[in-house]
Amino acid sequence: MFKPFLFRNAFGLSTTPLYQISIRFFNTAPSQSFTVSYLIHKFGFSHEFALKASKPLYFKTSLKPDSVLNFFKNYGFNDSDIHNIIKREPWLLSCDTHKTILPKFQFLLAKGASQSDIVRMVVVNPKFVKSSLKNHEIMFHFFLSKGASSSEIVSLLTSNPIILHISLEKRIIPLFELLSKFLKTNKDIIICLIRHSTAFSMNSYHLIMDNVNLMSDFGVSDNVIASLLQSRPSIVGSKELIKSLEEVKSLGFDPSTASFGVALAAKKCMRKKRWDEKVDAFKKWGWSDEAVIQAFRLQPNLMLVSIHKIDSLMSFWVNQLGWNSLALTKLPNVFCLSLEKRIIPRALVVQFLLMKGLRKKNASLGTPFAYSEKMFLSKFVFSFKEESDYLLKLYEEKGKLANTKENNGMLSTKCVI
């Protein structure tokens, strides 16, 4: 049985095995100690992170890493950019910038990219400088051959540089051929490939292809499949897709309709816990489980609305207007409209008309919110000549307040999961 040697110090017998002492000795070699110290003092990294990040690095002086930092600064990267890049890819500090990074920058500049474009690309995905220049060139020429211009490719790559890591032969070309069956033009395909390169790179091509065939066999229309590929490709590359397809169909959605795709996105992109929390948010205002499903059938985007938006709209509708929350079960489209820009200004106008007896109490509450602004003003403001000045002032003041808050970053009316 192995027994570690022990050693004595001035205070008696130590319990530290000799082999651990030797490991500690090697772990604190001068070059590594310097590297760890450099990472801590230069970037403010914790000792634990610096120790981990130092493993692929080897430099005894600051000459090499400083030259890397100066290289990035000369290309317009600020301190925050550099900090984030090194945190994600610390190996860059020991690379030869003129051999590893400069050729890729020069290639992109020659294709019409600006220095700011390159900065964005590296900040978004620092790994792109690790991929081969040859792959960059091949990928670029492939998209050019499909009808895209250099400026279009650069613009798309600036936000999605991860595609430069993906194999052209094994992934991009097969995906291009698959997408060509559903998307109308090569430009649409290129935009889809580059914009969603992360999703396409993370999911197996064979799984994507199998799921596309599965949806077709299930009765999902080509238009819905195309829409999912362009907006939610992660769904097409997900596992156990059949369960989600069957669940959405069981809720009463026809696979051949566009609403089926929206409902599928709502169910597939949301965890059950989050779904249940949203159902509970509606039930808190008097809806039943059946009412939620009924409203979801009418407007599947309903469940993509945030809980904050649900509570805000319900509170305004019930507490401020004094209207019945159950009326909204037949008006689920309202939840997908801007509360501040559309719902509040129009609802206050309608409420005033009801209070004055200028609108029938049994008239549809949904109609005012569905009209275009021009039609709404015509029917609910200007048609009441004696009250039109007050109504217009009420409507415009609430609209201006909403725009002011939005410009100050105080509002967000987007549908979120």
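This note sets out points on the fold, the core, selected helices, a pocket and individual residues of a predicted model.

1. Overall composition. The chain has 417 residues, of which 44% count as buried. Its secondary structure comes to 25 helices and two strands. Among the contacts in the chain with a separation of 6 or more, residues 24 or more positions apart account for 68%.

2. The largest nonpolar core. This core holds 128 residues, and those touching the most other members are Phe-72, Phe-105, Phe-143, Leu-193, Trp-287 and Phe-335. Helix H22, residues 339-355, supplies the largest share of the core with nine residues. As a general background to this point, nonpolar side chains in soluble globular proteins tend to be buried together.

3. Surroundings of Phe-143. With residues up to four places away in sequence not counted, Phe-143 touches Ala-148, Ile-153, Ile-163, Ile-172, Ile-190, Leu-193 and Ile-194. One of these partners, Leu-193, is itself listed with Phe-143 among the core residues that touch the most other members.

4. Helix H15. In H15, which spans residues 222-231, the buried residues are Val-224, Ile-225, Ala-226, Leu-228 and Leu-229. They pack against six helices named as follows: H11 (168-179), H12 (186-195), H13 (197-202), H14, H16 and H18.

5. Helix H17, buried side. Leu-241, Ser-244, Leu-245 and Val-248 are the buried residues of H17, which runs from 241 to 250. Because they cover an arc of only 100° around the axis, they lie on the same side of H17. The cover over these buried residues includes helix H14 (205-218), helix H16 (233-236) and helix H18 (258-268). H14, H16 and H18 also figure in the packing of the buried residues of H15.

6. Helix H17, other side and flanks. Lys-243 and Ser-250 are exposed on the other side of H17. The loop between H16 and H17 contains Glu-240. Although Glu-240 is not a glycine, its phi is positive, about 55°. Glu-240 counts as exposed, because its relative accessibility is 53% and the exposed class begins over 50%. After H17 comes Gly-252, which has a positive phi near 100°.

7. The second largest pocket. The volume of this pocket is about 170 Å³. Its lining consists of Ser-244, Glu-247, Lys-267, Lys-268, Met-270, Arg-271, Lys-272, Trp-275 and Asp-276. Two or more lining residues come from each of H17, H18 and helix H19 (272-283). H19 gives the most, with three residues. Ser-244 therefore appears in two roles, as a buried residue of H17 and as part of this lining, where buried means under 20% relative accessible area.

8. His-196 and the loop between H12 and H13. His-196 is located in this loop. The residue is buried, because its relative accessible area is 16%, against a limit of under 20%. Apart from neighbours within four places in sequence, His-196 is in contact with Leu-229, Gln-230, Ser-231 and Pro-233. One of these, Leu-229, is a buried residue of H15.

9. Met-202. This residue lies in helix H13. Met-202 counts as exposed, since its relative accessibility is 65%. Its C-alpha atom is separated by 8.6 Å from that of Gly-237, which is 35 residues apart from Met-202 along the chain.

10. His-47. Helix H3, residues 47-53, contains His-47. At 45% relative accessibility, His-47 counts as partly exposed. Leaving aside neighbours within four places in sequence, His-47 is in contact with Val-36 and Ile-40. The C-alpha atoms of His-47 and Ser-37 are 8.3 Å apart, with the two residues 10 apart in sequence.

11. Cysteines. The whole structure contains zero disulfides according to the search performed. Cys-192 has a relative accessible area of 3% and is therefore buried. Cys-336, at 25% relative accessibility, counts as partly exposed.

Technical notes: Residues are numbered from 1 along each chain as its sequence is written. This is a predicted model: local features need pLDDT of at least 70, side-chain atom pairs count only at pLDDT 80 or more; totals for chains, interfaces and linings use all residues. Side-chain values use heavy atoms; hydrogens and water are left out. Buried means under 20% relative accessible area, exposed over 50%, partly exposed in between (1.4 Å probe, protein chains only). Helices (H or I, at least four residues) and strands (E, at least two) are DSSP runs, numbered from the N terminus. The arc is that of the directions from the helix axis to the C-beta atoms. Contact means heavy atoms within 4.5 Å. A nonpolar core is a set of buried Ala, Val, Leu, Ile, Met, Phe, Trp, Tyr and Cys residues joined through side-chain atoms within 4.5 Å. A disulfide is a pair of cysteine sulfur atoms within 2.5 Å. On a 1 Å grid over the protein atoms alone, a cavity is a set of points where a 1.4 Å probe fits but cannot get out, and a pocket is an open set with protein on both sides within 12 Å along at least five of seven lines; lining residues have an atom within 4 Å of a point. Grid points are joined across faces, edges and corners, and a volume is the space filled by probe spheres set on the points.
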